[in-house]
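Visitor: I should like a close look at a single part of this predicted model. Please describe the sheet and what surrounds that part.

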Amino acid sequence: MRILGLETSCDETAAAVYDGSAGLLAHEVYSQVDLHAAYGGVVPELASRDHLRKLLPLLRKVLDAAGGPGAIEGIAYTSGPGLVGALLVGASVARSLAYAWRVPCLGVHHMEGHLLAPLLEPEPPEFPFVALLVSGGHTLLARVEAVGRYEVLGSSLDDAAGEAFDKTAKLLGLGYPGGPQLAALAERGRPDVFRFPRPLTERPGLDFSFSGLKTAVVVALRDRELDDQTRADAALAFEEAVVDTLVIKCRRALEATDARTLVVAGGVGANRRLRARVRAMGEQAGVRVVYPRVEFCTDNAAMIALLGHLRLAAGQHDGLALRPRARWPMTELVPPSRATPL
Ligand code: KG4
Ligand code: ZN
């Protein structure tokens with residue numbers, strides 16, 4: 001089945017075409033980073049308007065690259081979680097096209113897209129696997145049994161890992177989005193100048209808490225000259241603390257589930273220090289570590305089209321309903337089914 005996928009949940013507009021036999025035929029991403037940079041974060045209304053401007057041109061591009069709209073047999077769009085105005089743009093375009101082309105349409109879960117993004121790779125992980133999902137909005141560890149069968153093992157009680165990167169970057173005077181900029185600054189940091197806590201690692205459990213880390217950074221930098229070297233030292237110590245915490249929890253999750261494969265997905269999965277450290281831990285533990293390529297770690301529509309394929313090809317669709325959902329707990333997800341549409 002050939003599926004068009006659309007992603008408009010936050011500040012990236014993306015479109016892709018995935019074919020059940022030929023694989024990914026085309027994908028395009030437009031990032032709104034420059035638009036929001038002046039405000040230090042995503043401005044929801046501006047995001048919605050920009051999705052409106054960019055989605056149709058992107059859509060044309062991927063359809064041209066994939067040989068036109070004639071062969072599209074289904075449409076999947078991100079229906080949550082995300083900014084509701086932004087989600088509505090993708091939902092309306094997807095549902096309207098599906099109506100015009102007389103093909104089924106399905107709203108899919110953004111985080112499930114991230115979880116299954118490694119299936120786009122030539123050597124995909126085999127089920128079951130443990131997945132660490134680290135993005136701007138979410139941090140969780142899940143046991144992935146099959147498509148739609150997820151056991152959430154632990155999640156963030158407060159800030160997501162990416163959010164912690166972004167907020168700490170702001171404290172250090174860096175622009176938005178802070179994660180990649182903080183990582184670049186940390187390259188110049190000297191080890192062991194600062195040491196920040198590894199939250200919730202002292203007691204059992206797989207939950208995360210990152211909000212105290214930015215406070216630790218504020219306290220450590222109080223009354224200090226904020227020169228470039230000090231900022232870089234703090235960035236490195238912060239990155240070390242987050243990466244260490246994530247690695248400790250991944251190892252714990254692998255031990256608790258006896259899984260032989262670990263997947264790291266989501267925007268923070270693009271972090272080089274995290275990738276290297278998780279890989280080293282995997283080698284030591286005899287566990288296979290799989291990352292989607294960097295462009296499929298951050299927001300993209302390839303993962304949405306793939307997920308759409310997995311569900312639409314099984315007969316699942318939403319009928320005529322539009323279902324944008326700002327919040328959508330992963331625990332509500334079920335395996336692909338022929339559930340009666342609304
Ligand atoms: O998955 P994603 O693209 O969007 C969400 O669904 O949230 O993740 C974006 C998050 C942002 O917080 C960004 O700062 C972070 O991922 N990020 C990074 C890196 N690249 C992106 N954090 C640390 N190091 C990076 N290299
Ligand atoms: Zn995302």
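**The five-stranded sheet**

Guide: Five strands form an open sheet in the order S8-S7-S6-S9-S10, and their pairing is mixed. At the edges stand strand S8 (149-155) and strand S10 (288-290); each has a single partner strand, so one side of each is left without a neighbour in the sheet. From one strand to the next, the twist averages 25°.

At the S10 edge, the partner is strand S9 (residues 261-265), which pairs with S10 in the parallel sense over three bridges. Within this pair, leucine 262 stands opposite valine 289 in S10. Helix H9 (residues 272-285) lies across S9 and S10, and also across strand S6 (129-134). Relative to S9, helix H9 runs at about 175°.

The wider setting is given by the domain assignment, which lists domain 1 (2-115 + 296-338) and domain 2 (127-291). The centres of the two domains, taken over C-alpha atoms, are separated by 27 Å. Contact between them involves 21 residues of domain 1 and 22 residues of domain 2.

Beyond the sheet, one further site deserves attention. Aspartate 11 is found in the loop that links strand S1 (2-7) and strand S2 (12-19). Aspartate 11 is buried yet forms no salt bridge, and the nearest side chain of opposite charge, lysine 170, is 12 Å away. Leaving aside residues up to four places away in sequence, aspartate 11 touches Tyr30, Ser31, Gln32, His36, Val42 and Tyr176.

Key
Residues numbered from 1 in each chain as written. Chains lettered and ligands numbered in written order. Predicted model: local features only at pLDDT ≥ 70, side-chain atom pairs only at ≥ 80, totals over all residues. Heavy atoms only, no water. Pairing = 2+ DSSP bridges. Helix = DSSP H or I, 4+ residues; strand = E, 2+ residues; numbered from the N terminus. Axes fitted to C-alpha atoms, helices over the stretch in contact; angles between N-to-C directions. Contact = heavy atoms within 4.5 Å. Buried < 20%, exposed > 50% of the residue type's maximum accessible area, 1.4 Å probe, protein only. Lys, Arg positive; Asp, Glu negative; His and termini not counted. Salt bridge = Lys/Arg side-chain N within 4 Å of Asp/Glu carboxyl O. Domains from an automatic or database assignment.
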